[in-house]
Amino acid sequence: MITITTSNVNGIRAARRKGIEEWAERNTPDVWCMQEVRAPQEEIDPIYDAFAFGYMAAGRIAAPGELTRVNEVCRVKGRAGVGLLSALPVTDTRYGLAGLDEDVDSGRWIETDVTTPQGYGLTVACVYVHAGNTDDPVKMEQKYRFLDAMLARLGELRDEAAGGGRQAVLCGDFNIAHTPLDIKNAKANEKHAGFLPEERAYVDRWLGEYEFVDVMRDLAGEIQGPYTWWSQRGRAFDNNVGWRLDYQFATPELAQTARGFVIDKAPTYEARWSDHAPLSVTYDV
């Protein structure tokens, strides 16, 4: 059994001040994908070191160096940034999506090939998709450009898995609520970025044409929510007026091994270390 977690940390330095280290020591996922790290490398490294000591304290690794740390800082200061920690051996790492060279597209995609102690190999991608903004055509163009580049890579991952190669899972903040089940106020948000028909159509293609599985929805069934993000404004968190923006999309063979998921929503608004809750899935591989 391995656990893979995805969490938008909403700035790793702020998350550290709010208690993310304690969360990490309690949970110690085998692979942990983080988005919106939003920090320079020299400030990320000591935080990752602290996480490694937390894994040691929990008995998950014997030495700090056994926790692989992979990170890509966005070339636009204070924006995006993705990171991945793995207690499983990492055999290869790839950064970015082919054809995306603009600074704003950096710090949004990392892939690692990991292997379980039993020899099961899989590719884990840590993904942060542009949020978009319907009032800003440039930002929407950036989002669609990134989603188009994703399609090419998803096709390659699908073909490798179908051909007997590594299975794959995409983990991250995709900034799209797929269906009305994934957003509290669907009707009111039909013209807002994150719930536009054009955006949701990409997820339709991932699950249909590209044969990926929305693992949490597959496990939860057709219920309302559960959500992974709540606005900082008003009482959205307290009233559970949320969106499901964080997903794990897996190739079919891997998806069939999923045994359960946890969305670790903080008990109170004050106890949160991010405006997103971590999504963890356990796989019996």
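Helices here are DSSP runs of H or I with at least four residues, and strands are E runs of at least two, numbered from the N terminus. With that in hand, welcome to this predicted model: the protein holds seven helices and 14 strands. Its radius of gyration is 18 Å, close to the 19 Å that the globule rule gives for 285 residues, so the protein is as compact as a globular protein of that length.

Here are some values for the whole protein.

| Property of the protein | Value |
|---|---|
| Box filled by the C-alpha atoms, along the principal axes | roughly 50 × 45 × 40 Å |
| Exposed area | about 12,000 Å² |
| Distance between the mean positions of the positive and negative charges | 6 Å |

Carbon and sulfur atoms supply 48% of the exposed area, and the charges behind the last row are 31 positive and 43 negative. Buried residues make up 54% of the 285 residues. Among contacts with a separation of 6 or more, 72% are between residues 24 or more positions apart.

Now for a closer look at one helix. Helix H3 covers residues 41-57, and its 17 residues reach 24 Å from the first C-alpha to the last, close to the 24 Å expected at 1.5 Å a residue. The buried residues of H3 are Ile44, Ile47, Tyr48, Ala50, Phe51, Ala52, Gly54 and Tyr55. They pack against two kinds of element: helices H1 (12-17) and H2 (20-27), and strands S2 (31-35), S3 (68-72) and S4 (82-86). After H3 comes glycine 59, with a positive phi near 80 degrees.

Conventions. Residues numbered from 1 in each chain as written. Predicted model: local features only at pLDDT ≥ 70, side-chain atom pairs only at ≥ 80, totals over all residues. Heavy atoms only, no water. Rg over C-alpha atoms; globule rule 2.2 N^0.38 Å. Buried < 20%, exposed > 50% of the residue type's maximum accessible area, 1.4 Å probe, protein only. Contact = heavy atoms within 4.5 Å. Areas by Shrake-Rupley, 256 points an atom, 1.4 Å probe, with all protein chains shown as cover. Lys, Arg positive; Asp, Glu negative; His and termini not counted. Charge placed at Lys NZ, Arg CZ, Asp CG, Glu CD. Expected span 1.5 Å × (residues − 1).
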